[in-house]
Amino acid sequence: MKEARVLFMGTPDFAVASLEALLTEGYNVVGVVTQPDRPVGRKQVMTPPPVKEAALRHGLLVLQPEKIKVEAALDEVIALAPDLIVTAAYGQILPKRLLDVPRFGCINVHASLLPKYRGGAPIHKCIVEGEKESGVTIMYMVEALDAGDMLSKVVVPIEERDTVGTLHDKLAAAGSSLLIETVPRLLAGELQAEAQDHESATFAPNIKRTDERIDWSRTSEQIYNQVRGLNPWPVAFTTHGGKVWKIWWVEKHSVDSKGQEAGTIIAREEDGLVVACGSGTVKITELQPEGKKRMSALDFLRGAGNSIEIGTKVGE
């Protein structure tokens, strides 16, 4: 069944592994639909999404509609006559007119164990929430957010020092492997889809700026999970003396907060600043002061941070 016409839809790095797996296995990928190029960085350089770059390397047709629901865009996609549509972090909900086209349906590679963490930031959210495992679910697409019947799953443990970056890579690899296990069984009619328990659904909307700010009244465990759940993007932050500090890493710490108010710097150690939390303490060990490069707290305290005083506060 590898002659079946497969249309791939995806945008970020996570989706590249699934596209590459389909091509490696010899599936007939007739085109790729991805988001438009976007301005990136301080200089706002127009940059293609990773899936587009991968598709062009393989000489594939690439379509980049701003909105897939626009009739002209739909006509162009439907003209490719796909037998199966595979999506992975595409970024838009597909309209019914497109969902009804492929005879084998539209399936999605989603980076969570559905029905938990539907939405655009499941990898961030599961770490921020302190989960011990995540995974990938492949399900049919419907006109609702990650709500379709499930075809297959794989569990991926979350290790204590995993970041959104390390877990992203593990899930991308697991998702591509699961896809290659699932597609031939789907095409052969061997799979029985399982409905999601919608009452148990939780959501992981895209990260907002407010999600990045550290609330020092939370526990040291929660703050530790927030920092690693936003590393290496978009990165948690706090403020000190009116300046923004991006916080790249903290360690849970054993120093007693001595009843200090949350956010108070209670100790300076050679490799970091110990900060009181709502419960417990953390040590900031890697940061990026406003206007500076990312650096270890050791280097920071030897330089500009040498004047940081015990008893001052972060987060104000």
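Here is a walk through this predicted model, going from its open sheet to its aromatic pairs.

Let's start with the sheet. It is open and has 7 strands, in the order β5-β2-β1-β6-β7-β8-β9, and the pairing is mixed. At the edges stand β5 (62-63) and β9 (150-157); each has a single partner strand, so one side of each has no neighbour in the sheet. For β9, look at strand β8 (residues 133-140): these two strands pair in the antiparallel sense over 7 bridges. One residue to pick out here is glycine 135, whose bridge partner in β9 is valine 155. Now add a helix: α6 (residues 164-187) lies across β6 (84-88), β7, β8 and β9, and runs at about 150° to β9.

Glycine 135 turns up again if you look around alanine 111, since it is among the residues in contact with that alanine. Alanine 111 itself is in the loop between β7 (106-110) and α5 (122-128). With a relative accessible area of 5%, alanine 111 is buried. Apart from neighbours within four places in sequence, its contacts are Phe14, Pro122, Ile123, Ser134, Gly135, Val136 and Leu171. Take proline 122 from that list: it comes 11 residues away from alanine 111 along the chain, and the two C-alpha atoms are separated by 6.3 Å.

Next, move along to strand β14 (residues 281-289), where 8 of the 9 residues are buried. Several strands pair with β14, so to speak, and β11 is a good one to begin with: the two run antiparallel and are joined by 8 bridges. Within that pairing, tryptophan 245 stands opposite proline 289 in β14. Strand β13 (residues 272-276) is also antiparallel to β14, over 4 bridges, and valine 275 has valine 282 in β14 as its bridge partner. The hairpin of β13 and β14 has 4 residues between the strands, and glycine 280 takes a positive phi near 85° there. Then comes strand β15 (residues 295-296), which pairs with β14 in the antiparallel sense over 2 bridges. Leucine 287 has methionine 295 in β15 as its bridge partner. This hairpin of β14 and β15 has 5 residues between the strands, and glycine 291 in the turn has a positive phi of about 80°.

Now for the rings. The structure holds 2 aromatic pairs. Tyrosine 224 and tryptophan 249 make an edge-to-face pair, 5.7 Å centre to centre with 80° between the planes. The tyrosine lies in helix α8 (residues 220-228) and the tryptophan in strand β11 (residues 243-253), so the pair ties together parts that are 25 residues apart in sequence. Both rings belong to buried residues: tyrosine 224 has a relative accessible area of 2%, and tryptophan 249 has 11%.

The other pair brings back tryptophan 245, which meets phenylalanine 300 edge-to-face at 5.4 Å centre to centre, with 80° between the planes. Tryptophan 245 is in strand β11 and phenylalanine 300 in helix α9 (residues 297-302), so this pair ties together parts 55 residues apart in sequence. Tryptophan 245 counts as buried at 4% relative accessibility, as does phenylalanine 300 at 5%.

Finally, look at charges over rings. The charged end of arginine 294 sits over the ring of tryptophan 248, 3.8 Å from its centre. Elsewhere, the charged end of lysine 2 sits over the ring of tyrosine 27, 5.4 Å from the ring centre.

Terms used
Residues are numbered from 1 along each chain as its sequence is written. This is a predicted model: local features need pLDDT of at least 70, side-chain atom pairs count only at pLDDT 80 or more; totals for chains, interfaces and linings use all residues. Side-chain values use heavy atoms; hydrogens and water are left out. Rings of Phe, Tyr and Trp (its six-membered ring) pair if their centres lie within 6.5 Å; planes under 30 degrees apart count as stacked, over 60 as edge-to-face and the rest as tilted. Buried means under 20% relative accessible area, exposed over 50%, partly exposed in between (1.4 Å probe, protein chains only). A charge sits over a ring if NZ of Lys or CZ of Arg is within 6 Å of the ring centre and within 35 degrees of the ring normal. Contact means heavy atoms within 4.5 Å. Two strands pair if DSSP finds at least two bridges between them. Axes are lines fitted to C-alpha atoms, for helices over the stretch in contact, and angles run from 0 to 180 degrees between N-to-C directions.
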